[in-house]
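Here are a few friendly notes to read alongside the model. Keep the picture open and find each spot as you go.

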Amino acid sequence: MEPQEVKSRRPWVVGVSGASGTPYAAAVLRALLAAGESVDLVVSRASRLTLLDETGIAYRDAHWRDDLRQWLARGADGKPDTFEVDVTDVRHWAAGDLAAGPSSGSYPVKGMLIVPASTACVAGVALGLSKDLLQRAASVTLKERRPLVVAVRETPLNGQTLRHLVSLDEAGAVVLPASPAFYAGATHIQDLVDFVAGRVLDAAGVPHRLYRRWEGELGGGSADG
């Protein structure tokens, strides 16, 4: 009998930085898992403060699976237990672990999504600082010519940040501002969050059904459309 071929795991690395917008990250993570994708998750130290402030959830390395499940179950409106999510195929890496799998180009991944991306994170990746695992994994993604989507969440943007974003674009990253659209007929805050998450997944080539796509018909997203 021939040995069965073992399918290698090739996850998407999802980095969550300290910018406001943790519901965007939750929506991306839920959609990746719903699409059958594996996820390697890096939650920066700054983002844990933001998550605590925006949701009341403490994300702890020692209890990350329970904390992640609670976070992903929460709706963008703050209502707990809105979603049911299986986090079995998520692997957590501590933000300070520079020996982690995603720190090396030989570690097999499909690409990386940074959602949301703070201006500090943008600067660190653009300058190649690699001060933590999130920045290091992004640098590795660029050097290996893998897809990198940077969902920047800040306003207004100063000239320095704009130059960093141009540098990322020139390096091959997709710069994707977290800018919700309204043509899809949003009636709830979750709809606006899901639109941004959907555009992140579009840039990564991951199928989803998070928002109604434009089909060239005016008024198609209205209640009467």
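**Notes on the fold**

1. Of the 225 residues in the protein chain, 47% count as buried. Please keep in mind that this is a predicted model. The exposed surface of the chain comes to about 11,600 Å², with carbon and sulfur atoms supplying 50% of it.

2. Next, the overall layout. The chain contains 7 helices and 6 strands, and reading along the sequence you will meet them in the pattern β-α-β-α-α-β-β-α-α-β-α-β-α. The radius of gyration is 18 Å, close to the 17 Å that the globule rule gives for 225 residues, so the chain is as compact as a globular protein of that length. Along its principal axes, the C-alpha trace spans about 55 × 55 × 40 Å.

3. How much of the contact network links distant parts of the sequence? Counting contacts with a separation of 6 or more, 70% are between residues 24 or more positions apart.

4. Now look inside. In soluble globular proteins, nonpolar side chains tend to be buried together. Here the largest nonpolar core has 39 residues, and the members touching the most others are L32, L41, L68, W71, L72 and L113. Elements that each supply at least two residues of this core include β1 (12–16), β2 (39–43), α3 (64–73) and α7 (189–204). Which element gives the most to this core? It is α1, with 9 residues.

5. L41 is a good residue to click on. Leaving out residues up to four places away in sequence, L41 touches V14, V16, L29, Y59, L68, V90, R91, H92 and W93. Apart from the largest core lies another one, of 23 residues, including C121, V122, V125 and A138.

6. Some backbone details deserve a second look. Most residues other than glycine have a negative phi, and most peptide bonds are trans. In this model, a cis peptide bond joins V115 and P116, with omega about -15 degrees; P116 sits in strand β4. Another cis bond joins T155 and P156, with omega about -10 degrees, and P156 is in the loop between β5 and α6 (159–170).

7. Two residues have positive phi without being glycine. D81 has a phi of about 60 degrees and belongs to the loop between α3 and β3 (90–93). R145 has a phi near 60 degrees and lies in the loop between α5 (133–143) and β5. Buried or exposed, what is D81? D81 is exposed, with a relative accessible area of 68%; R145 is exposed too, at 69%.

Technical notes
Residues are numbered from 1 along each chain as its sequence is written. This is a predicted model: local features need pLDDT of at least 70, side-chain atom pairs count only at pLDDT 80 or more; totals for chains, interfaces and linings use all residues. Side-chain values use heavy atoms; hydrogens and water are left out. A nonpolar core is a set of buried Ala, Val, Leu, Ile, Met, Phe, Trp, Tyr and Cys residues joined through side-chain atoms within 4.5 Å. Buried means under 20% relative accessible area, exposed over 50%, partly exposed in between (1.4 Å probe, protein chains only). Helices (H or I, at least four residues) and strands (E, at least two) are DSSP runs, numbered from the N terminus. Contact means heavy atoms within 4.5 Å. The radius of gyration is taken over C-alpha atoms; the globule rule is 2.2 Å times the number of residues to the power 0.38. Accessible areas come from the Shrake-Rupley method with a 1.4 Å probe; for residues, only the protein chains shown count as cover.
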